[in-house]
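Here are some friendly notes to read alongside the structure. Keep the 3D view open and look up each residue as you go.

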Amino acid sequence: MNFLLAAVGVLGVASSGPLIAATLGATSVSALAIAFWRNAIGAVVMAGPVVVRNPRQFGKVTGAEFRWSLAAAVALALHFACFITSLQLTSVAAATALVCLQSGWIAIFQLFRGVRLRWPVLVGLGLAFGGVVTITGFDMGSSPEALVGDLLAVAGGALAGIYTLAGGKARQSMSTGVYTTLCYGMCAAVVAVMALVAREPLGGFEAAGWLGILAITVCAQLVGHSAFNHLLATMSPLLVSMIILLEIPGAALLAAAFLDETLPAGTYVGLAMILVGLAVVVLGQRGSRSARRTAAGAGTDRLAELGTD
């Protein structure tokens with residue numbers, strides 16, 4: 001059962017990039033519209049159980065919890081703007097791999113905060129970011145537009161890391177339902193303001209566009225992330241973190257199969273370097289942060305944010 005659930009989870013999160021690229025390419029839906037509706041629908045879905053069981057939880061949110069949730073929401077909004085736009089400029093495989101550097105960015109942020117990292121983490125970071133240089137190097141030579149897309153995806157990964165850290169502060173005293181409802185809801189509001197400034201419509205799309213938005217939200221936001229959150233109850237956070245990394249080859253395979261996406265051989269080398277490097281980072285961190293937090297709390301905070309794309 002766990003194997004099946006893990007497969008469904010990987011398929012859900014891996015489908016995010018290909019579905020977004022297909023929707024952007026075949027309909028009039030904009031990048032910000034996808035980000036808005038994905039978070040707005042997610043907020044409504046997450047609010048349901050809280051409202052039914054104990055709606056008073058929303059009234060108990062403190063000022064500090066609200067500020068950290070708002071910071072996470074702003075970072076998440078910018079993350080989606082960067083990542084979804086990158087899918088219009090570079091390949092799905094490259095964008096997905098580069099935005100999945102989130103765990104690597106978190107390790108770097110920790111390093112700048114004075115946290116001592118174990119040597120395997122440093123080796124993994126070097127390998128993963130070496131993969132970034134490899135991918136961007138090939139795209140620099142083939143297409144300036146693809147290079148811009150790569151850089152946007154890298155920025156999206158860094159913003160996802162900031163979202164994770166800010167969300168971790170808020171989640172120290174908030175339930176999952178309250179936090180995700182607030183964060184997704186405020187993220188949708190921030191994206192709506194961005195769309196207003198950029199004069200991008202959030203509605204009025206053809207049926208295929210709405211179907212694409214629904215598919216992205218259900219597959220990645222609800223099915224994929226829900227599957228991994230459920231697995232946390234029966235599997236170790238470390239193992240689930242490793243399984244989530246399969247999103248990188250999963251997205252590349254789906255893009256190749258359904259979007260006829262072909263990449264230079266050097267780009268596949270870069271993807272492999274990122275995948276292996278991030279796996280080393282995850283494995284190298286198993287004895288640090290988990291020792292200071294409970295397994296459930298630390299794993300949930302980390303994993304809930306891995307699925308930002």
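**Notes on the predicted model**

1. Let us begin with one serine. S86 belongs to helix α4, which covers residues 63-86. Please keep in mind that this is a predicted model. Is S86 buried or exposed? Its relative accessibility is 0%, and buried means under 20%, so S86 counts as buried.

2. Now look at what surrounds this serine. The side chain of S86 comes to 2.5 Å from the backbone oxygen of F83. Which residues does S86 contact once its neighbours within four places in sequence are set aside? They are A95, G149, L152 and A153.

3. Next, the nonpolar interior. The largest nonpolar core holds 73 residues, and I84 and I274 have the most contacts inside it. Which helix gives the most to this core? It is α9 (residues 176-198), with 10 residues. A separate core of 11 residues lies apart from it, with A6, V10, L231 and M235 among them.

4. I84 deserves a closer look in the viewer. Leaving out residues up to four places away in sequence, I84 touches I20, L24, A31, I34 and A35.

5. Turn to the outside next. M1, L4, V8, L211, L214, V218 and V223 make a nonpolar surface patch of about 660 Å². Two elements, α1 (2-14) and α10 (207-231), give two or more residues each to the patch. The largest share comes from α10, with four residues.

6. One member of that patch is M1, which sits in the segment before α1. Why does M1 count as exposed? Its relative accessible area is 76%, and exposed means over 50%, so M1 falls in that class.

7. Two loop residues are worth checking for their backbone angles. R199 lies in the loop between α9 and α10. Its phi is near 60°, a positive value in a residue other than glycine. With 77% relative accessibility, R199 counts as exposed.

8. The other is D260, in the loop between α12 (247-258) and α13 (265-284). What is the phi of D260 near? It is near 55°, which is a positive value, and the residue is not glycine. D260 counts as exposed because its relative accessibility is 64%.

9. To recap, try finding two residues in turn: S86, which is buried at 0% relative accessibility, and R199, which is exposed at 77%. Then find I84 in the core of 73 residues, and finish with M1 in the nonpolar surface patch.

Methods
Residues are numbered from 1 along each chain as its sequence is written. This is a predicted model: local features need pLDDT of at least 70, side-chain atom pairs count only at pLDDT 80 or more; totals for chains, interfaces and linings use all residues. Side-chain values use heavy atoms; hydrogens and water are left out. Buried means under 20% relative accessible area, exposed over 50%, partly exposed in between (1.4 Å probe, protein chains only). A polar contact is a pair of N or O atoms within 3.5 Å; within protein, one must be able to donate a hydrogen and the other to accept it, and residues adjacent in sequence count only if both atoms are side-chain atoms. Contact means heavy atoms within 4.5 Å. Patches are made of residues with over 30% relative accessible area and no salt bridge: like charges are joined within 9 Å, nonpolar side chains (Val, Leu, Ile, Met, Phe, Trp, Tyr) within 5 Å. Accessible areas come from the Shrake-Rupley method with a 1.4 Å probe; for residues, only the protein chains shown count as cover. A salt bridge is a side-chain nitrogen of Lys or Arg within 4 Å of a carboxyl oxygen of Asp or Glu. A nonpolar core is a set of buried Ala, Val, Leu, Ile, Met, Phe, Trp, Tyr and Cys residues joined through side-chain atoms within 4.5 Å.
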